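Okay, thanks for coming, everyone. I'll put the structure up now and talk through its empty spaces, and then a couple of residues I'd like you to look at.

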Amino acid sequence: MIENILSVGQKTGFSAVDVFREKVEKKEFSAVPDYPAVFHAVSTDRVSIRAFWETGDPVGFLLSRPEAGAVKTAFSNIYSLKLPGEKENYAALLPSSAEKVKIDIFDGSIDELDSETFAALSDSIAESVVQFPGLKTRKIHLTKTLKKVYAANSKGLNIKYRKTGFKLTLSFALGNNRVDISESKVFFSRLEPFKIISRAYNLLNSLTAEKAAVQGDTPVILAPEASAFILKEFSGYFKIDGEKKKVEFSFPAILNIVDDPLLDRQVGSVPFDDEGVQGRERYLVRKGVIAERISNIQSAYESGVDSSGNGFRNEHSIFPGVRFSNLYIKPTVLSLHNLMKDARQGLLVSLLRLKSMDRDSYLFSAYGYRFEGNELCEPVHFYFRTSYLSYFLNILKISKEQRFFHSAYNTGSPYIMLEASYKSPNLFEI
């Protein structure tokens, strides 16, 4: 089918054509207390085609389960819709080959996960929840996904890979508060429902607080989920085509920020992007200095550099945009125990919500606990204002404990310690 698409495209009159095909088999399992479990399966086969004239911008189309007649008609339609422009394009930068990459992103036991496996998982979760007084399970949702990806173009590229994914979402209630927590893994056996339950319990307890109960400047330690949330908010500064203003600045030498598509057992990992470009570990910030920014073929061409291999499509896009794979802050050798001991006392943040943005200033609502030494005390709720520059400039310590969180792409972080300046009874500034 792919060879036929490439042939038809060139016969229609285009000088270069590339094809991206994604076949997805997904099965979902859901359980609500006191009701039978529900199972749902769906499969998709999506093909994106991009075609280049000798000059001018590319054109393209998106088809689901394409047949020969539909492909021919689609090429004829886009060929006659507009005339090519006169400026040079980036067709010559399409890759013509790829190297084999050994990367651990496929769970061979995916077919063994069935309704009985889900029932056993649900029973295990129910037994664990009993250990947390007042905590109630509202819903258990598990999704398993098998993805097969193909990339080819008229320059001779013809490559593919397959990848598995498991996403467990647990919904809990404690009193009047509700929370949904998700975890995504490449391997089913790496899901850790007990840690999700424990995290949910801590989060829900922290939501009962009204204020920070701290006056004056104080150390703030962000849990991995909170730090990863901020990293994602500021990630636009690390794209070549990002809307964020590019500011060249030196941050603390302890800070290293990386995007790496080749991490074993991570849901953001791929052997090549949707354009067939193979990425590698890239330091976006190395020892506090901005070193590189990510790109796809188009944005790299416009900036006069090589693509970093970060060209990815979403479900509805014909052309790939610039997106991260596994974006994360490098851990150190320090433990959380070390950070809390050095701080002596402060605030540990486990949940963040973005309340507002004003140009470069971000206002976050933070939930967590006051701590003294290595002991957690009463729950706290406060607000803090920060910006891209001030946030990374004020990082004091980074821990060794690291976790990843997936939403569109994978974001990871250890615990981060910063100094917060007191502004008012419930507002701090970083």
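So, strand E18: with 3 residues, E18 makes the largest contribution to the lining of the largest cavity. Before I go further, please keep in mind that this is a predicted model. The cavity itself has a volume of about 70 Å³. Searching the whole structure turns up 3 cavities of 30 Å³ or more.

Who lines the largest one? Going along the sequence, we have Ser184, Lys185 and Val186, then Arg265, Gln266 and Val267, then Phe404, Phe405 and His406, and finally Asn410. Two elements, E6 and E18, give two or more residues each to that lining. By class, the lining splits into 4 nonpolar, 4 polar and 2 charged residues.

Now on to the pockets. How much volume does the largest pocket have? About 1300 Å³. The largest pocket has 43 lining residues, and the ones nearest its centre are Ile181, Arg199, Glu225, Arg403 and Phe405. If you want to trace the walls on the screen, the elements giving two or more residues are strands E6 (177-185), E14 (345-358), E18 (403-407) and E19 (409-413), along with helices H4 (193-206) and H5 (224-233). Which of them gives the most? That's E6, with 8 residues. The make-up of this lining is 19 nonpolar, 11 polar and 13 charged.

The second largest pocket holds about 1100 Å³ of space. Here 35 residues do the lining, and Glu22, Thr145, Lys147, Glu315 and His406 sit closest to the centre. You've already met His406, by the way: it's in the lining of the largest cavity too. At least two lining residues apiece come from strands E1 (16-31), E2 (38-52), E4 (136-153) and E5 (158-174), and also from E6, E18 and E19. E5 has the largest share, 6 residues. The class count for this second largest pocket is 12 nonpolar, 12 polar and 11 charged.

Okay, that's the empty space. Let's turn to two individual residues.

Start with Asn89. Where is it? Find the loop between helix H2 (68-81) and helix H3 (115-129), and Asn89 is in there. Is Asn89 buried or exposed? It counts as buried, because its relative accessible area is 13%, and the cut-off for buried is under 20%. Its side chain has polar partners on the backbone: a polar atom of the Asn89 side chain lies 3.0 Å from the backbone oxygen of Trp53, and the backbone nitrogen of Ala91 is 3.1 Å from a polar atom of that side chain. If we skip the neighbours within four places in sequence, Asn89 is in contact with the run Phe52, Trp53, Glu54, Thr55 and Gly56, plus Tyr301. So Trp53 shows up twice for Asn89, in the backbone oxygen pair and in the contact list.

The other one is His381, which lies in strand E16, residues 375-387. With a relative accessible area of 9%, His381 is buried as well. Which side chain does the side chain of His381 make a polar contact with? Its partner is the side chain of Ser365, at 2.8 Å.

That's my tour. Let me leave the model up so you can turn it around yourselves.

Terms used:
Residues numbered from 1 in each chain as written. Predicted model: local features only at pLDDT ≥ 70, side-chain atom pairs only at ≥ 80, totals over all residues. Heavy atoms only, no water. 1 Å grid on protein atoms, 1.4 Å probe; cavity = no way out; pocket = protein on both sides within 12 Å on 5 of 7 lines; lining within 4 Å. Points joined across faces, edges and corners; volume = space filled by probe spheres on them. Helix = DSSP H or I, 4+ residues; strand = E, 2+ residues; numbered from the N terminus. Nonpolar A, V, L, I, M, F, W, Y, C, P; charged D, E, K, R; others polar. Buried < 20%, exposed > 50% of the residue type's maximum accessible area, 1.4 Å probe, protein only. Polar contact = N/O pair within 3.5 Å; in protein donor to acceptor, adjacent residues only side chain to side chain. Contact = heavy atoms within 4.5 Å.
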